[in-house]
Structure formats: C-alpha cells, structure tokens
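Biologist: I am new to this structure and would like a close look at a single part of it. Could you pick one helix, show me what surrounds it, and then place it in the wider picture?

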Amino acid sequence: MSTDYVLHMKGISKSFPGVKALSNVDFGLRKGEIHALMGENGAGKSTLIKTATGVYDWDSGEVRLAGRPIAPKSPLEAQQLGISTVYQEVNLCPNLTVAENIFIGRHPRKRGFIHWDKMYADSERLLERLDLYIDVKQPLSHYSVAIQQMVAIARAVDISNGILILDEPTSSLDANEVKQLFKVMRKLKQEGMGIVFVTHFLDQVYEVTDRITVLRNGTLVGEYVTSALSKTELVSHMIGREWSTEETAGMKAVEQISRDLFLQASTLGKRGSIYPIDLQIGKGEVLGLAGLLGSGRTEIAKLIFGIDKADEGILTIDGEQISSMYPQKAIQKGLGFTPEDRKVAGIVGELTIRENIVLALQARKGLFSFIPLRKQKEIANKYIELLKIKTPSAEQKIENLSGGNQQKVILARWLATQPKLLILDEPTRGIDVGSKMEIRKLILELAASGISILIISAELDEIVQCCNRIIVLRDRIKIGEVSGASMRENVIMEMIAKGAELYGKPGGIGA
Amino acid sequence: MKKVSLKISHNNIIVLATLLLLFILYGSGAALYKGFFSMQVFLNLFIDNAYLIIVATGMAFVIIKGGIDLSVASVVALISMVSAALFQQGANAFVVIFAALLIGTLFGAGQGYLIQRFQLHPWIVTLAGMFLARGISFLISTESIVISNPTFVLLSQHKIYVWEKNFITISVLIALAVVIAAILIGRYSSFGRAVYAIGGSEKSAILMGLPVARTTITVYTLSGLFSAIGGIVFTFYMLSGYSLHLMGMEMDAIASCVIGGILLTGGFGYLIGPTLGVLCTGIIQTIIMFQGTLSSWWTKITIGFLLFLFMAFQRIIVMRKEKSALPASKNKPNFENKVVNL
Amino acid sequence: MASLAGLARNLSKQKIIWPILAIVVLFLFNLIVIPDFFRMEWKDGHLFGNLIDILKNGSPLIIIAIGMTLVIAKEGIDISVGSVLAISGALAVFMLNGYPLWVVVLAGIGAGLLCGLWNGMLVAILGIQPMVATLILLTIGRGIAQLITGGQVLTTSNKAFQFIGKGHLLGLPFPLFLAMGVFLIVYLFKTRTAFGLFLEAAGGNKTASSYAGIRPKVIFMTAYTITGICAGIAGIIISSNIASADANNAGLWIELDAILAVVIGGTSMRGGRFYLGGTIFGALFIQSLTTTIYSLGVEPSSILLVKAVVVIIVCLIQSDLFRQSFKLAKKKVAAS
C-alpha cells in the first residue's frame, strides 16, 4: 500500500519550548489526489507543513518521499527534493518581474550570463499551462494577488517533483479567482500531481478535494474520504465536540433580554474583510460570535473598536452615532478590546504588570494627568487580587507570567477603565484549563455587574456557556443568530456546516 | 540587441526624473555661464568625480540589498594613507595597488560577517567601521603625505585625448569599467539577482531558497572592494595620503544613489543611477564654481535639498504601491499599469 | 558566600552598574598609570583638574545623550544632533550682535526645536526610517550653519554669553548645572507625567500600545523634538565655551558618542525601557576615556579607534546571537 504514497509522514512529533505542536501525526498524500488538511488555529497544520518543507525539523517520526526517507534541512533542500509550497501571503519578490520570480535561483544561462530571453519564453510557456496569459516582463507587484498566487503556483509546479502544497491559497481571492484556481488544481491533479490543500472554507473542501485529514491540538483526528464525510461530522471533528444529547445549554439563556441597547451596528462592513453586518448589544448582555477561522469573527471586533476602518455602515453607541471610529475614541466611549494575539497586540512584554494594567486608563486620562505611583500600585494590586493573578508582585515583568495570567492582566487593563463594553477575542486561547474556567467565570460575573461583553471564540462550549445570544458567521457573512433554547453546540455546528438556508434569516433576532 | 523603448512606470520614473534634472541643470548652466558648454567642462565632471562614481556604485549594491555602508569614505581615506605610507617604505606601485584592494575587500567582508552572523544593525556596524578606518589612518600619520612614486604620477597625469584637445584620465576609464561591470553583475549574474530579490523581500528570498547569508556578506565585501578601487583612483587624483580626506563623503555617495533612483528601502534601482546622481551633484558644484560669488556650502544645501525631494518622492511611490497592493483595489484600474510612451 | 553571589547577581541586573563599573575600572587604571590624573587645585575661586574637565566637557554630551536616549527608546535614532548643534551655536553667536542674551539663547534652543520637529515629522508622519530621515539634516545642517556664519568662524567677546560654557558656579563649571537641569526636567517629565510610560510602551510594542489608546506618532514626535531641543542647548554651551561658532567642527561626531553613551547606559537599540541615569554615567565614561587618552599623551586621534572597538564590543554583547554562540562554545569546551 505504502508505494501509493508520494509523500508519507509517519508518527511525526514536534515540540517547541513549552508547547507540544505535533504528537504522533500521520499524513499520507497519494499520487493524483487533492488532499485537504484541516483544523482550527493551533491544530498543527502549518507546523506539519513546515516540517515537510524543511523550515522546521521534527523530533521523531519519518518522512518518505516516493518511498524514500528524506530529511530536508532547509526550504532550498526541500525544493531540490521536489517539495514546494505556495503560502497564503505570496512569498515572492514583488520588485522582480513575473518571469524572474519563477526562475530566480535557477536562471537559464548562456555563456555564464543569465539568458533573459529564454527565461521570458520559458515562463510564458509555464503560465500557459495554467491558462494564464500575462506580460511576464512586468514586475510582480503590477498584478493582483490572484495572479501573484498563480505565478507562485507556476514556480512551485516547475520545481516540484509531483507534490504541491497550497497553504490557504484562497483566503484573499474572490469567487471567480477561486474558480480559476480550482480549474488549475484539477488539471494538475489529472497530470498526476499530489496536492495538499490547506483551507478553512468548508465549501471549497467539498468542491475540489478527494480526501480530508483533520488535525486538532497537534494530534491526528483522522483521515476521511471527502464524499463519505458529512459537513456536520467534519465540523465536529475539527472543533472536537462529538454529537451528544446531553447539551450544556446557556447558563443565562433563560434570562430574558429586555435591556436597553448599548451598541448598534447596521450594515457595518469592509471590503475584503467582512460583508455588511447588523448587530446589537444590550447593556449587560453577553453576545457571542461563533464561526470557524476566517469567518470574519475577528474582523467585526476590529471594525467596532476602530482598528480597521469600516467603509460602509453606521455604528451607534449609547444612542450617539459615531462617524469615524479609532481606538482612542472607542476607549473614550467606554469600549475595551483584548486582542486575539496576546503577544503581538496585547502585552508590552518589557513593562511590569502594574504598567500594563494602568496603560489604557492612563491613555484615556492623557499625558499630563499622571496617575501617581502610589495610586497605580493600588489599582494594580486591587486587580491582581480580584482576578487572582499569580505573581509575587505587581513589579514583575509581564512576559514572565503564564499565558492565563497575562490574559488576566490585559483584562485588568480594561477593567481599570470602568468599561461599558468589553470585546474579548479568544480570551482563553492557549491558556491552561484552570485559568480557562476562572476567566469564563469572571466573564459571567462582569456581565452580572452590568458590563456588556462581546466574545469571540472558536470553542463552542465556551460561547454557549457564557453568552445570552450568539451570532453565527460563515465565510465572512452573518448566517444567523441563536438564543435561548436553541443555543446548543450541535445547532451551531449544523448551522456552520450547512450554511444559512436552514436556520434563521440573516439579521433576525432570536430563533 | 533588444529594442530600447522608453516607458514610464514606477520602476524607472525616478531615473527618468534624474535624467530630466540632469538636462535641466546642464542646460541652465550652459545658458547662464559662458564657457560652461564645453567638452572639457563636461569631461572634467568625470575626471573630478571618478572616485565617487565608483564608490557610489558599490554603495548602490548595498542599498539595493536593503542595507547601508557608512564606512566608504573612511576606507577611501585609509587606502590613500596606506598607499602613501607604503610608498614611503619604498614599495612597488603594483604591490601597493594589490595591498589596497586586499585591505578594502577584507574590511568589507569583516563588516558583512558581523552584520550577517550576529544580525547587527548595518548602520551601527558600518558607523563603527567608519571610525575604525579613520582611526587606523590617524595611527599611520596625522599629517598629509605626498606621493611621488613615478608609476602613480604617470598613471595620474596621463591624458587620453578623446576629441582634439579634450582629454580624460585613466581614472575615468577605470570608473567606466567598474560601472559597466556593476551593470553586468547586477543584471546577468545570480549574485546580482539575489541582491535584488533580498532587497525586495528577504523572507521570500529565504523561502525561495536563495543563499541569503552568502549574498549579504558578498555585498558588503563588494562595497569594500569598490571603496578600495575608489581609494586608488582618488589617490591618483590627489597624489597624497591624508587621514582627513573626504570627510562626510559617504553622505555624497548615499545622496548620489538616492538621486539616481536607488530606493533606500531596497530592491529597486538601476546600477547606472549612481553615476547619474554623481553627475547631477557634479554639475551643481560646477555651476556654483562658475557663478563665483556663491560659497561652497551652497553645494551641501542644494544636495541636501535634492536628497529630501527624492526621498519624499520615493516615499510617495512606495506608499502608493502599498495601497495598490491591497486586494480591495484589485478591480480598479491600476494607476501603475498605465504606460506612457514617450 | 551565597549571599555575596546573590548580591552580585542583583547588582548586575541593575543596568546602571555597568557604566559605573566601567568608569571605576578606567579610574583604577589611571590611578596606576597616571597618578597625576586625580590631582585637583583650587584656583581663582574654583576647582581645576582632570575630573572637573570631564564634568565640564562632558556636559554637552550628557545633554545630547539624554535626548538620544528618548529616540532610541522608540527604536529610532537621530544622527543629525551634531549638525543641529552647529546650527544652534552658529545662530546664537551670529545673533549676539544686536540682540539681548535671552533672545539669543531662546533662538538657539528654538532652532533645535524646529530641527527636532522636522526629524519627528519625517519619521513619525512620513514613515521614513529614522537613520535615513535624520541623514537629511545631517547633510544639510552644517551647510545651514555655514550659511549663518558666512563660512567664517564667528567669534564673540560677550562675557555674559561666555559664562554659559566657561563660567563657574559654587566652584564648579556652569555647564554641569545646565546638564543637571536638563536631566532633572526630562527625568521629571518621565516620572511625573505619563510620557515615560507611553514612550516605553510604544517603543516596546507599538501595536499593543495603540490598541490601548496611546498615539505612538505623537509620542515619537515629542521624543524627536526633545532631542532637537537638547542639541540646541548643547550647541549654545559648546559655542560659548570656545567663544565662537565653528560650523564645520562644532560637535563633529558627537552623535556616535551619544549613541554609545546611551547603549553603555543600558538602553537597548531595540527600544523599550530606557535609563536616563545610565545614560549620564555612559556619557561620563566616554568623556573620561577621552580625557584619559589625552592625559596619556597618546595621539588624540587614536581615540576614534578605541571608540570603534568599544561600539562593536558593546553591540556584540547586546546581540542575542552572539551570546548564544558564546554559550555554545563554552558548552563545547566543557563537553570536551
């Protein structure tokens, strides 16, 4: 059987300091198939791909290429073996011409000099194979992302030895461009190429792939034949919630929402990031945004907090219409935002816990109404105690804390500003179970004290547990809302899997 | 040969602007001052600036790669000093030239190694290199040393007549050879293309499997070598070694690159650019000389002003490119795709 | 023994210990090699001696290094301080003919402020890399200074003006008080307003701080403006000390000294936390080094060589990669 595999990874394990990224994962790619690799953030998709392409080495396991064991040490070595990858962000040089991007590092030569004419002709021929007819002498940056992606594929196909890895190639393409890409993929498949396709768009998986391998938390969930796996099953494999009749319905679902609106967005949208969406948050309400990675869940939060500028729609806070939103204004209006990526956008690693906590409050007060050190310590200690942040003192560098405690510090930063609405993007990702429970409990307590909360989370149980109402997103569109009795994990999973047609009209409140 | 067609795109717009500036400067000089429009005045631009053309061309490689080399001027001074000192010891002219090239190359390679191996900031490393080279020159002597070696004097004073009484020097030939070699390396060698690729996106270059580390070190080595050649040419020109020669010339070299259309963020620019940039600054100097009453510091101010203009110009082009790179504007007519035929 | 080691470890965590240690080592060396180094005299109502010279000549450097600390904290750099200093000095001496002293001083500082705003605009608003942006003023600045002086070295005999750089107060050189004044003001600005917190936050993590409601652009503009003002003050001190304005040589290469002082003082070139106190001692160390080399009778120009080597060593020590490879080498030695 194993001779069928063009690429076979067996029992791959890989750890980074503190994290086990992959444990004992198998992955087999056959000749002439398109094989989807799926999983939520942190499932280990990109780590697995990076081990095969020589970016990382692995701790244990074996990789075989056409039956022969290999161990590429660098992308160059992997390419020489015939494994090439097209990444989500086009990893080519925008300043070079199309032709050169295809041939750099292996230019055709004449008498020792680079033979430009031959290179142009060769690249035109290669692109023709992908049905692409463009001027190859133009710099790559002249063309749209879709064409750049095609150029990257042309390069990869030319280098490759029967294997092509496409790492989320469709996330920045529109429907037509995706269609064109799929045409090319099918053609290459017919030519006998094995294609690994990483994506989080369910429809696309069912449109082109033959097989699906699902990863979760660095382990293999299973390999399935696409036609024999229902969408609902796939979603539950990815999210890791099995079908069960005993559902944990929302703890607060029974409470009726008869509160005043705090924030209202109508047809708020931004091209290329989220289609126009309607959304209301009541005072003291906990609203959840559910959806897979890339469904537009984070994008909504960024629009509301003014990090990205909406190009259409109206945002109303406390009855006041906001014409243009930016973070300072959002904070003045009583909003707070804990971002998804704690390291990059949340903590200032070098500063102390105290400084991280008072940062937003101080920014709202301005440069000159400085909070005296004594007061700062008071605030910091108050929240360290309140949120049970585990640290010897408020003067520790925040980067020395664990993930859960860092998250609590960011929460404390916003609580110190006495917010009216907290936007929590993946508040418990990458946090140990104990802290996870504490943070969820805290969210409920905060809501009880009258703060509105908008939670974004990939973990359905978390969202069901904490929210009064949940908006379900898919492919950057709001496909429905659930609340009350229908707020169950399997309902949401089914909605995500099947799309809008079954549940709720978009924009409708309640189910 | 390929047909040469003039097209304006964001790739060559700066270099075209430079050419235009060159014509305007030269034209206004010729219109304003008698005797400006003479063959010899034009040739003198090359004779007086041969060393700068060479050094700036070396700098261009570093900038295209996305780095910088502040040590070039002091390396030139060091070479002049070492040559003078070696001649005092009675060395042969060719031994001196060989030693000079070796010193420049090793100096550049050392800087490149520090920058690449320990990921140090090129500004800091080459700033230190600048002080190091000046410091070594000072150690050799703080006085100016005159060179009277017959071979050097001969090489220095030999006139090559190109048109009646108008002449160039051997230095000009060396400079032209260096520029041509640079253009060939930049366009027709793997190393040259890797330099452009790294300047465009170092991350992509690594993922495409290009030898990034080797290229980086080679680029600084090349800049060191070009500085050494520039140093020899400059020594021909001055016939003396002095540790305070060419203070601040690294800025002239950078300015020439910027005016010549080399993008300071890396990845873009033609290797003929620095030569055009040097000619621009050379003409400004000549105009100020012809004018007679303006003092020499006006040269600095004008060049600084041009530097700012071209930098702002570059920034605008880069910003517009970033904007057009957004997927949202994909369907809009793309400004940069417009090609105007001249 | 254990507590001693603990104490040493604690001390070594305090960044300020390094420049102080460097000064101590240098002074110990001087104690042995040049015993005369520490001699002080009381003459004409004030102190004389090498140590006083260090304080006096080091004052402009301290002032500039304080400004440089702020821009380096934002992961920037300002290589134009020398030229700005020349402009301010030239303007001050030029304006002494016909304007009262306070106008002259304000004009010099104002020139620095404008230059700082210019640099800040290029870096924060236009988004040009700091080195490149300040390069413009570095090139143009001395030209402007020469324009003001008319290409000559302007001299002045105004006693009140000369007091700024040469005068003495309570037996100590007057510039020292200015340096302490600038330090105190910037220190208070850091600790009594939110500026220190904002600068450290924005320099440490720009994205996170803008999410928290800070405007990094405004903070960076302020940092560059303060640096410009510092260079302006230093320009007045230097031109007053030599009673003339030298557009070509005033403050030549002071930018490297200032960068070095900041880095030795413990502020990392990668931005974030900054240490004003460390910078002061860093600047004093550099000035002591210069004075030592002068007193040794070594060719003063060789100081360039020494500084270049010190820069490289300091940068290497700060480089993670270098420390890693050093540790690896150690391990290998231990293993074999």
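Modeller:
**Helix α8 of chain A and its surroundings**

In helix α8 of chain A (residues 231–239), the buried residues are L234(A), V235(A), S236(A), H237(A), M238(A) and I239(A). Buried here means that 20 or more other C-beta atoms lie within 10 Å of the residue's own, whereas 12 or fewer make it exposed and anything in between partly exposed, with C-beta atoms placed from the backbone. Helices are DSSP runs of H or I with at least four residues, strands are runs of E with at least two, and both are numbered from the N terminus.

Before we go on, please keep in mind that this is a predicted model: local features need pLDDT of at least 70, side-chain atom pairs count only at pLDDT 80 or more, and totals for chains, interfaces and linings use all residues. Residues are numbered from 1 along each chain as its sequence is written, while chains are lettered from A and ligands numbered from 1 in the order in which they are written.

Now, back to the helix. The buried residues of α8(A) pack against β3 (34–38), α7 (202–208), β11 (211–216), β12 (219–225), α16 (460–466) and α17 (489–498) of chain A; two residues are in contact if their C-beta atoms, placed from the backbone, lie within 7 Å. Right after α8(A) comes G240(A), with a positive phi near 90 degrees.

The strands among these neighbours belong to an open sheet of six strands in chain A, ordered β6-β9-β10-β3-β11-β12, with mixed pairing. Strands pair if DSSP finds at least two bridges between them. At the edges stand β6 (83–86) and β12 of chain A, each with a single partner strand, so one side of each has no neighbour in the sheet. On average, neighbouring strands of this sheet are turned by 20 degrees against each other, direction ignored. β11(A) and β12(A) run antiparallel and are joined by six bridges; in one of them, R211(A) has V225(A) in β12(A) as its bridge partner.

Two helices can be placed on this sheet. Helix α1 of chain A (residues 45–52) packs on it, touching β3, β6, β9 (163–167), β10 (194–198) and β11 of chain A, and its direction makes about 150 degrees with that of β9(A). α8(A) packs on the sheet as well, touching β3, β11 and β12 of chain A, with its direction at about 30 degrees to that of β11(A). For such angles, axes are lines fitted to C-alpha atoms, for helices over the stretch in contact, and values run from 0 to 180 degrees between N-to-C directions.

Stepping back, chain A also meets chain B: 23 residues of chain A are in contact with 27 residues of chain B. On the chain A side, α2 (75–81) and β8 (113–114) each give two or more residues, and α2(A) supplies the largest share, three residues. That side divides into 11 nonpolar, 10 polar and two charged residues. Here Ala, Val, Leu, Ile, Met, Phe, Trp, Tyr, Cys and Pro count as nonpolar, Asp, Glu, Lys and Arg as charged, and the others, Gly among them, as polar.

Within chain B, helices α3 (residues 72–88) and α4 (residues 93–117) pack at an angle of about 145 degrees, with their axes 10 Å apart. The residues of this contact between α3(B) and α4(B) comprise 10 nonpolar, two polar and no charged.
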